[in-house]
Amino acid sequence: MENTGLRKRILKFFNRHENLRSFGVLSPCIFWIGIFFLLPLLFMATYSFLERGLYGGVNWLFTWENYTRFVDPLYLKILLRTFRISFLTTVILLIVGYPMAYRIARADKRWRNILLFLVILPFWTSDLIRTYAWMLILRDTGLLNGLLKYLHIIREPLSLLYTEGAILLGLAYVYLPFMVLPLYASIEKLDTSLLEAAEDLGATPFWRFLKVTVPLTKSGILAGSLLVFIPSVGVFVVSDLLGGAKAMMIGNLVQLQFGPARNWPFGSAASFILMTIVLLAVFGYLKFAGGKEALEEVR
Amino acid sequence: MKVRGFFQPLTWFTGACYLFLYLPICVLVAFSFNTSRFSVVWRGFTWEWYIKLIQDPLVLDALKNSLIVAVVAMILSTIIGTLTAYGLYRYRFRGKTVFDGILFLPIVTPEIVVGISLVIFFVLIHVNLGLKTIIIAHVAFDIPFVMLIVRARLQGMDRTLEEAAMDLGADEWTTFFKVTIPQLLPGIIAAALLAFTLSFDDFVITFFVAGVGSTTLPLKIYSMVRLGVSPKINALSALIVSVSIILITIADRLQRKSV
């Protein structure tokens, strides 16, 4: 019974202070995210301004060098490649994902849930395994080359793996659900009477799509693009397994510095640049798409 | 809108997209039962690779590690995420928008950034890398997902039941445990299952914060892949994908259940 007495006293205390009560409920999250997410990011930022020490350590001396190294054509090339691949992935998925989302949104209700679920399913399954599956298909002795040989289309295997094209394919594969889900959400809300109105007023299907459907589903287009672009910029697994050493992206550069190269400050700087790109994309999106509702859309 | 017909190009296009989504996984599963070790040609059905898998002590060890990490991370993140969702739903306070934005950060931050920042952090505070550090990292990225799922449930919840309980004299504590939690339960279980899946499947962050002797299944797969494609990897991958599919299906059913 003492327990309930204590409980009552604690409750009474909290009842008088709503702010404290909310803090009590939220404190585990504040603690965990604060200490194990935000604080490490701060440490990483600090590291990016330190000198590299011997044997992978750091010297606590300030330097810009880790950032100025990016002027080197070698690293500029990696940055540019990362942008090119991420941008292309986003555009490809927009072109593929829009019709797909449109069709799902217009499907019979009983089919719609199943179709949606089939998009959500890969979203939650391992990227590593889904990328590995493409290795089985694309490698020199893989399924695709085997098939082409069997059909006498080729004699020598095509080198499909370890190319930029393979990375693009892998990224499009892994992130297709990220594009389709927000697009679906906005297309489903589309008021079809507006489309009928456009048709009645003589709009051809093409202009109706461009002038009515696209503007009305802008939020989904922006959200989907953001959700594809962000993880593509930071990708590591897909480019590592399908691109290899020939087509390095920022993520692979970071991994290299924290792995074999043992240059943590330089890796931190690369990682910080990556984080900055992501945050700029998010803020740009929020500004374009308009604040809080836009955040809801992404979810 | 004439897009419904079976013979419409749009329908065919969408069908092709689904084929694109699922064909590689089907190939993977099919190969895991193929007798032939190196060739892509089908030479007959076998369980051999699965049997080899369960006889490999390193794989079993990785499975044990993965289960420990995923279960502990699931429990902690479900509790913390549910409390957070409730707090954000129930209370108004200054800085709520900022708090919301910060919770959004772990979702958009590239995994590799999270991984290396954590490894710097652990090294600086002299914590040895191992299962402990993996769990800490997983809880951090699971919390926002749990929060979002439970919050969606809270928004669809009938608030009058809570008010009725309070009017009948229940304090906030009792109301929370006897009225709110039971209503949220399907959502909470769904969130827990998804947190488990996320944690069980995570590779990138785990890759950085794992130490010697704390290899999880995805790490094991990665190190096997580096040595080359093998039917054993196919079998292991097929098993992991099956577990994910089962858990996600249950979670999806629970989330659809009306409040």
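Q: How many residues apart do B:Asp252 and B:Arg256 lie in helix 11 (residues 231-256) of chain B?
A: B:Asp252 and B:Arg256 are four residues apart in that helix, so about one helical turn separates them. Helices (H or I, at least four residues) and strands (E, at least two) are DSSP runs, numbered from the N terminus. The model is predicted, so local features need pLDDT of at least 70, side-chain atom pairs count only at pLDDT 80 or more, and totals for chains, interfaces and linings use all residues, while side-chain values use heavy atoms, without hydrogens and water. Residues are numbered from 1 along each chain as its sequence is written, and chains are lettered from A and ligands numbered from 1 in the order in which they are written.

Q: What do B:Asp252 and B:Arg256 form, and how far apart are the closest N and O atoms?
A: Side chains of opposite charge can pair when their charged atoms come close. A salt bridge is counted when a side-chain nitrogen of Lys or Arg is within 4 Å of a carboxyl oxygen of Asp or Glu. B:Asp252 and B:Arg256 form one, with 2.8 Å between the closest N and O atoms.

Q: Is B:Asp252 buried or exposed?
A: B:Asp252 is buried at 12% relative accessibility, whereas B:Arg256 is partly exposed at 39%. Buried means under 20% relative accessible area, exposed over 50%, and partly exposed in between (1.4 Å probe, protein chains only).

Q: How many salt bridges does the structure hold over all chains?
A: There are eleven over all chains. One of them joins the side chains of A:Arg112 and A:Glu188, at 3.6 Å from N to O. A:Arg112 belongs to helix 5 (residues 109-124) of chain A and A:Glu188 to helix 8 of chain A, so this pair ties together parts 76 residues apart in sequence. A:Arg112 is buried at 16% relative accessibility, and A:Glu188 is partly exposed at 39%.

Q: Which residue forms a salt bridge with B:Lys52?
A: The partner is B:Glu48, and the closest N and O atoms are 3.1 Å apart. The two residues are four residues apart in helix 2 (residues 48-54) of chain B, so they are separated by about one helical turn. B:Lys52 is partly exposed at 36% relative accessibility, and B:Glu48 is partly exposed at 31%. In chain A, a network of salt bridges links A:Arg81, A:Arg84 and A:Glu164.

Q: How many aromatic pairs does the structure hold over all chains?
A: The structure holds 43 aromatic pairs over all chains. In the pair A:Tyr47 and A:Trp60, the ring centres are 6.4 Å apart and the planes stand at 85°, so the pair is edge-to-face. A:Tyr47 lies in helix 2 (residues 18-47) of chain A and A:Trp60 in strand 2 (residues 58-62) of chain A, so parts 13 residues apart in sequence are tied together. A:Tyr47 is buried at 6% relative accessibility, but A:Trp60 is exposed at 55%.

Q: What are the distance and angle for the rings of B:Phe207 and B:Tyr222?
A: Their centres are 5.5 Å apart and their planes at 75°, so this pair is edge-to-face. B:Phe207 is in helix 9 (residues 204-209) of chain B and B:Tyr222 in helix 10 (residues 217-226) of chain B, so the pair ties together parts 15 residues apart in sequence. B:Phe207 is partly exposed at 27% relative accessibility, and B:Tyr222 is buried at 6%. Rings of Phe, Tyr and Trp (its six-membered ring) pair if their centres lie within 6.5 Å; planes under 30 degrees apart count as stacked, over 60 as edge-to-face and the rest as tilted.

Q: Which residues do ring pairs link into a cluster?
A: The cluster takes in A:Phe31, A:Trp32, A:Phe36, A:Phe43, B:Phe121 and B:Phe122.

Q: Where does the charged end of A:Arg106 sit?
A: A charge sits over a ring if NZ of Lys or CZ of Arg is within 6 Å of the ring centre and within 35 degrees of the ring normal. The charged end of A:Arg106 sits over the ring of A:Tyr102, 5.1 Å from its centre. In chain B, the charged end of B:Arg159 sits over the ring of B:Tyr89, 4.9 Å from its centre.

Q: How many residues does the largest nonpolar core have?
A: The largest nonpolar core (buried Ala, Val, Leu, Ile, Met, Phe, Trp, Tyr and Cys residues joined through side-chain atoms within 4.5 Å) has 185 residues, and A:Met100 and A:Ile104 have the most contacts inside it. Helix 8 (residues 164-188) of chain A gives the most to this core, with 15 residues.

Q: Which residues of chain B is A:Met100 in contact with?
A: Beyond neighbours within four places in sequence, A:Met100 is in contact (heavy atoms within 4.5 Å) with B:Phe13, B:Thr14, B:Cys17, B:Tyr18 and B:Leu21, and in chain A with A:Val119, A:Leu176 and A:Val180.
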